[in-house]
Amino acid sequence: MKKTIAIIGGGIGGIVIANKLRNTLPDHVRIMLLEQNKMHTFAASYLWLMVGQRTTDNISMPLNRLVDKGVDTVFEEVKSIDTSANRIKTSAQTISYDYLILSPGADLDRKYLNRSGEGIHDFYTFEGTQKLLEALNEIGSGEIVLAIEAMPYKCPGAPYEAAMLIKDHMNKRGLSGRINVNLYTPEPQPLPVAGPELGNSVSRLLEKKGIRFFPNHRLSEVNPGEKKIGFDNGREQSYDLLIVVPKHNPPAFLANSGLTDESGWVPVDKSTLQTRAENVYAIGDTTSVSIPGKWQNDKPMKLPKAGVFAHGQALVVADLIEAKILGKKTAATFCGDGFCMLEAGEDLAGFAYGDFFAEPNPQVKMKNLGRLWHFGKVLFEKWWLSPAGIRKTLYQNLLLAGGRLLGIPIKL
Ligand SMILES: Cc1cc2nc3c(=O)[nH]c(=O)nc-3n(C[C@H](O)[C@H](O)[C@H](O)COP(=O)(O)OP(=O)(O)OC[C@H]3O[C@@H](n4cnc5c(N)ncnc54)[C@H](O)[C@@H]3O)c2cc1C
C-alpha cells in the first residue's frame, strides 16, 4: 500500500533523513520534505562568512540540489499539525501522512535581530552575519562585546569560536592593541554539559588569545543610545560593537500539537527519538533530550542543540522507519556520540569528541589545537554543500577514511 513519510524542516536533520529514506525505500513510498525556504545555507560556515573567509555563494545551495531527485520537496510554511488525524496544515494545503518526522530546528527571538543600524549584530542568521562582517571591517578601535542572551542555544561551541575568529580577524587588520574582545555568557563555564575539564581547556584558549571572558552573566538590558549593556548581577559594559546570540524559541507551529513539554520543546525517547504520538518522531534542535543522570539546578541537563546530533538522530530514525515499512529487524539506536571541531583562528581548531549519554557523566575529551581538525571541518563543509556525484563521493571517502585512521566512528 502507498505510504507517505512527511518530514517538516529541510535543514540538517531533514536533508539527511530525506536522502537516507529515499535511498533505501521503494519508489511507491512517498518522501515529502516540507520547507519554508528554497535556499539552504550552511550555518556552521556563518562563522567563516563573518570574518570574510567565505562568500555568501560559497555557503549556500538551492535545497533541491542537496536532496535526491525522488524526494518530493514542498516549499510551504507549516502552520499546524494534528497527530490524532495524521494531518499537516501548511500555508497552502492540508497533507495526510503515515509517518511524520519533525526537524524544524529552533526559532530565533527577533528582539535583537535586524538592528545593525543601532550597532547590534548577530551571526546566527545569514543576513545578520553579512552585516556583522561589514561592521567588523569598519571598526577601528574600542570594545567588541559578544553576549549570549539565554540558554539553550544551538552549537554550544559557536560563541567561543566566534570570539576567537574575531580576535584573529582584528589581529590581521593590525588592530590587536586597539580592540578588546569580551565574551559574556549565563553559563558557569564553556560547554557545561561536557564537564569541567573541557570547559577549562576552552577557557585557557580564550585567555591565551587575550579574550576577556565573563561566565555567569545574564544579559538583562541593552541601551543602544548609550551603547551600554547590563547584566542581572548589576555589572555594566560599554560597547562599540555588540553581538548578541539571540534567545532560541521552540517552533511556534508546535505550540498546540500536544507533543511539547512545559519548556515548549519536544520530549523524545533518547534512543529512538519517538515522540508521544505513534509514528511521529522528532530530531535535532527541536527536541528535548535528557542526559541520563545529569542534573543542573534540580533539572535534568539536556543534550546540546547541534547539527552533529540532528545528523546522527536522522540516520537512526531513517533505519527505524525503514524497518517498520519493510518488515525488517533493526538494532538502530541513538547512542549520544558527538563531536565538534572548535575553530580557534589561524586555521587551527580543537576537537571535542565523546559520549554524551555516558553515566554517571558525559565522557567528552578535547584534543590539542591542530590544522588537521580545521581541515576536517572544511572537508565536512565541502561534503555537505556538494550535490550528489563525484565530488560528494570523493569528500565522503576522505571523511570516512580520516575517521577510520583516527579511530572516530563517523557516519554520514
Ligand atoms: C553560527 C553557527 C555555527 C554552528 N556550527 C555548528 C557546528 O560546527 N557543528 C554542529 O554540529 N552544529 C553547528 N551549528 C548548529 C546546527 O546548525 C544546528 O544544530 C542544526 O542545523 C540543527 O538541525 P535541525 O535539522 O534540527 O534544524 P535546522 O538545520 O535549523 O533546520 C530547520 C529547518 O526547518 C525549517 N522550518 C522551520 N519551521 C518551519 C515551518 N513552520 N515550515 C516549514 N519549514 C520550517 C527551517 O527553515 C529550517 O530550514 C551551528 C549553528 C550556528 C548558528
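The conversation below goes through the cavity, the ligand site, a pocket and some backbone details of a predicted model.

Colleague: What should I keep in mind about the numbering and the model before we start?

Modeller: Residues are numbered from 1 along each chain as its sequence is written, and side-chain values use heavy atoms, with hydrogens and water left out. Because this is a predicted model, local features need pLDDT of at least 70 and side-chain atom pairs count only at pLDDT 80 or more, while totals for chains, interfaces and linings use all residues.

Colleague: What makes a space a cavity and not a pocket?

Modeller: On a 1 Å grid over the protein atoms alone, a cavity is a set of points where a 1.4 Å probe fits but cannot get out, whereas a pocket is an open set with protein on both sides within 12 Å along at least five of seven lines. Grid points are joined across faces, edges and corners, and a volume is the space filled by probe spheres set on the points. By this rule there is one cavity of 30 Å³ or more, and the largest cavity has a volume of about 60 Å³.

Colleague: How do you know which residues line the largest cavity?

Modeller: A lining residue must have an atom within 4 Å of a point, and the residues that line the largest cavity include Gly 284, Asp 285, Leu 303, Phe 309 and Gln 313. Strand S22 (287-288) and helix H7 (307-326) each give two or more residues to this lining, where helices (H or I, at least four residues) and strands (E, at least two) are DSSP runs numbered from the N terminus.

Colleague: Why are five residues of that lining called nonpolar?

Modeller: Ala, Val, Leu, Ile, Met, Phe, Trp, Tyr, Cys and Pro count as nonpolar, Asp, Glu, Lys and Arg as charged, and the others, Gly among them, as polar; the lining of the largest cavity therefore divides into five nonpolar, four polar and two charged residues.

Colleague: What makes a residue count as near the ligand, and which come nearest?

Modeller: One of its heavy atoms must lie within 4 Å of the molecule, and of the 28 residues around the ligand, Gly 13, Glu 35, Val 78, Asp 285 and Val 308 come nearest. The largest share of this shell, three residues, comes from H7, and the shell divides into twelve nonpolar, ten polar and six charged residues.

Colleague: How do you know that Glu 35 makes a polar contact with the ligand?

Modeller: A polar contact is a pair of N or O atoms within 3.5 Å; within protein, one must be able to donate a hydrogen and the other to accept it, and residues adjacent in sequence count only if both atoms are side-chain atoms. A polar side-chain atom of Glu 35 lies 2.7 Å from an oxygen atom of the ligand, so this pair meets the cut-off. A polar backbone atom of Gly 307 is 2.9 Å from a ligand oxygen atom.

Colleague: Why is the second largest pocket said to lie between two domains?

Modeller: Domain bounds come from an automatic or database domain assignment, and because domain 1 (3-106 + 250-334) and domain 2 (109-247) both give residues to its lining, this pocket lies between them. About 1100 Å³ of space lies in the second largest pocket, and among its 32 lining residues, Met 151, Pro 152, Gln 296, Pro 300 and Lys 302 lie nearest its centre.

Colleague: What is notable about the backbone at Pro 152, Pro 360 and Asn 114?

Modeller: Most residues other than glycine have a negative phi, and most peptide bonds are trans. The peptide bond from Met 151 to Pro 152 is cis, with omega near -10°, and the bond joining Glu 359 and Pro 360 is cis, with omega about 5°. Asn 114, which is not a glycine, has a positive phi of about 55°.
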